[in-house]
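Here is a walk through one protein model, part by part. Keep the structure open beside the text.

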Amino acid sequence: MRKIFLITLTFLLILSFSAIAHADEIKIGACIYRFNDAFMLRFRNAMSAESEKLGAKIEIVDGRDDPTTQNEQIDNFITAGVNVLIINPVDRMAAQPMIDKAKAANIPVVFINREPTEEMLASYEKAYYIGAKAEESGTEAGELIAEYFKAHPEADKNHDGKLQFVLLKGQNGHQDMILRSKYSVEAIKNAGIEPVELASAIANWDKLQAMQIMNAFTMALGPENIEAVIANNDEMALGAIEALKNSDYNKGDKDFYIPVVGVDANASALDAMDKGEMLGTVLNDADNQGTAAVRLANALASGKDIKAIGYEITDNKYIWIPYQKVTRGENK
Ligand code: BGC
Ligand code: CA
């Protein structure tokens with residue numbers, strides 16, 4: 001009898017302890033613009049891993065690239081009583097109502113990957129942004145092309161001293177689409193080479209769309225007249241490479257090669273670089289961005305010192321993770 005009593009007591013104690021632990025557990029609601037995105041998959045994995053490490057509970061939902069769906073998901077998280085939100089907005093210019101909702105519920109909000117304006121972030125003291133400086137990635141991608149062009153005189157196929165390129169852009173309105181496009185061309189100029197844009201189009205970060213567009217470009221322009229492909233991300237770079245292969249380019253023969261650059265350093269791009277199909281990329285550090293997002297969210301929700309999370313916070317609003325050029329030595 002006494003033994004049963006003791007066992008029951010122990011059991012009850014364990015139960016109540018786990019109930020306390022449960023009540024203390026930080027609940028993070030994370031909204032991703034679209035699950036079907038190779039870079040955001042890396043980001044999600046990093047967030048899940050860090051939440052697990054910190055003992056926080058994270059629920060990550062798929063906005064399916066639809067603003068209405070995403071707004072409902074934010075409402076649901078707030079109703080369910082999450083302690084903090086991480087938001088990768090479908091439309092970064094529509095972040096204000098999201099901030100207003102979080103503010104009304106007194107829930108901190110950490111934006112990732114798609115940057116709201118300064119004014120928007122300033123409207124709530126518990127609103128933050130974690131990302132990477134878009135102009136930096138544009139500059140680095142442009143430098144990769146310029147370095148290659150200088151090291152390989154044969155890359156100037158029409159011998160006019162200028163660099164004839166095509167440009168594949170990400171989704172309209174995304175800071176990474178606007179600034180990568182601008183700064184990659186700027187970097188070529190700054191390297192002393194005159195860039196000539198033969199064609200450009202929006203391929204929405206998407207491999208298949210990029211492949212179709214690049215097929216049309218090679219058909220219209222002739223692959224022999226294209227001296228470089230600049231893609232705002234790796235998926236589009238890989239789509240472009242598929243199209244080039246359809247024209248028997250970038251299959252290993254140096255005489256039939258067009259340098260292609262992307263951004264992200266996704267595993268599939270590194271593979272393509274190893275095979276000599278792709279010139280280079282720029283590391284978009286999903287691991288550090290995802291880790292920083294969860295650490296900041298967790299600190300904000302639990303009232304811990306956000307200066308102690310291991311990432312520098314700029315202007316009490318931003319965490320910037322640096323980009324980094326990645327090549328396989330072809331530039332040298
Ligand atoms: C990445 C893209 C990704 C996009 C999603 C960018 O920073 O480079 O690969 O599709 O973010 O918002
Ligand atoms: Ca030329």
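Between them, domain 1 and domain 2 bury about 1400 Å², and 36% of that area is on carbon and sulfur atoms. The model is a predicted one. On the domain 1 side, R42, R92 and Y323 lose the most area to domain 2. Together these three make up 49% of what that side buries. The size of an interface is often given in this way, as the accessible area lost when the parts come together.

Where do the two domains run along the chain? The domain assignment gives domain 1 as 2-132 + 286-323 and domain 2 as 135-284. Their C-alpha centres lie 35 Å apart. The contact takes 16 residues from domain 1 and 21 residues from domain 2.

R92 has a second link worth tracing. Its C-alpha atom is 8.2 Å from that of T117, although 25 residues separate the two along the chain. T117 sits in the loop between β4 (109-112) and α5 (118-122). T117 counts as partly exposed because its relative accessibility is 21%, and buried would mean under 20%.

Now look inside. The largest nonpolar core has 61 residues. Within this core, M47, I86, I112 and V229 have the most contacts. Helix α11 (residues 286-302) gives the most to the core, with eight residues. The core draws at least three residues from each of domain 1 and domain 2. A second, separate core has 22 residues, including I145, L163, A228 and Y323. Y323 is also among the domain 1 residues that lose the most area to domain 2.

What surrounds M47? Leaving aside residues up to four places away in sequence, M47 touches A30, I32, I58, I60, I86, I112, G290 and V294. Of these, I86 and I112 are themselves among the residues with the most contacts inside the largest core.

Next comes helix α6, which covers residues 134-151. At 1.5 Å a residue, its 18 residues should span 26 Å. Its end C-alpha atoms are 26 Å apart, so the expected and modelled spans agree. The buried residues of α6 are A134, S137, G138, E140, A141, G142, L144, I145, A146, Y148 and F149. I145 also belongs to the second core. The cover over the buried residues of α6 includes β6 (162-169), α7 (175-190), β8 (228-231), β9 (260-261), β10 (280-283) and β12 (324-327).

Helix α9 (residues 234-246) passes the same kind of check. Its 13 residues should span 18 Å, and its end C-alpha atoms are 18 Å apart. Ten of the 13 residues are buried, so α9 is largely enclosed by the rest of the structure. The buried residues are D234, E235, M236, A237, L238, G239, A240, I241, A243 and L244. Just after α9, D248 takes a positive phi of about 60 degrees.

Which residues coordinate the calcium ion (ligand 2)? D156 (OD), N158 (OD1), D160 (OD), K162 (O), Q164 (OE1) and E227 (OE) do so, with E227 (OE) listed twice, at 2.3 to 2.5 Å. Along the chain, the donors follow the spacing D-x1-N-x1-D-x1-K-x1-Q-x62-E. Two of the coordinating residues can be placed by accessibility. D160 is partly exposed, at a relative accessible area of 33%. K162 counts as partly exposed too, at 31%.

Some loops deserve a stop. Most residues other than glycine have a negative phi. N204 is not a glycine, yet its phi is positive, about 55 degrees. N204 lies in the loop between β7 (194-202) and α8 (207-221). At 25% relative accessibility, N204 counts as partly exposed. D315 likewise has a positive phi, near 50 degrees. D315 lies in the loop between α11 and β11 (318-320). Is D315 buried or exposed? It counts as exposed, because its relative accessibility is 63%, and the mark for exposed is over 50%.

Last, find N83 in the loop between α3 (67-80) and β3 (84-87). N83 is partly exposed, with a relative accessible area of 29%. N83 and S302 are 219 residues apart in sequence, but their C-alpha atoms are 8.3 Å apart in space. Beyond its sequence neighbours up to four places away, N83 touches E25, I26, K27, I107, P108 and A301.

Methods. Residues are numbered from 1 along each chain as its sequence is written. Chains are lettered from A and ligands numbered from 1 in the order in which they are written. This is a predicted model: local features need pLDDT of at least 70, side-chain atom pairs count only at pLDDT 80 or more; totals for chains, interfaces and linings use all residues. Side-chain values use heavy atoms; hydrogens and water are left out. Donors are N, O and S atoms within 2.8 Å of the metal (3.2 Å for Na, K and Ca); water is not among the atoms, so sites may look incomplete. Buried means under 20% relative accessible area, exposed over 50%, partly exposed in between (1.4 Å probe, protein chains only). Helices (H or I, at least four residues) and strands (E, at least two) are DSSP runs, numbered from the N terminus. The expected span of a helix is 1.5 Å times one less than its number of residues. Contact means heavy atoms within 4.5 Å. A nonpolar core is a set of buried Ala, Val, Leu, Ile, Met, Phe, Trp, Tyr and Cys residues joined through side-chain atoms within 4.5 Å. Domain bounds come from an automatic or database domain assignment. Buried area is the accessible area (1.4 Å probe) that two parts lose on being put together, summed over both.
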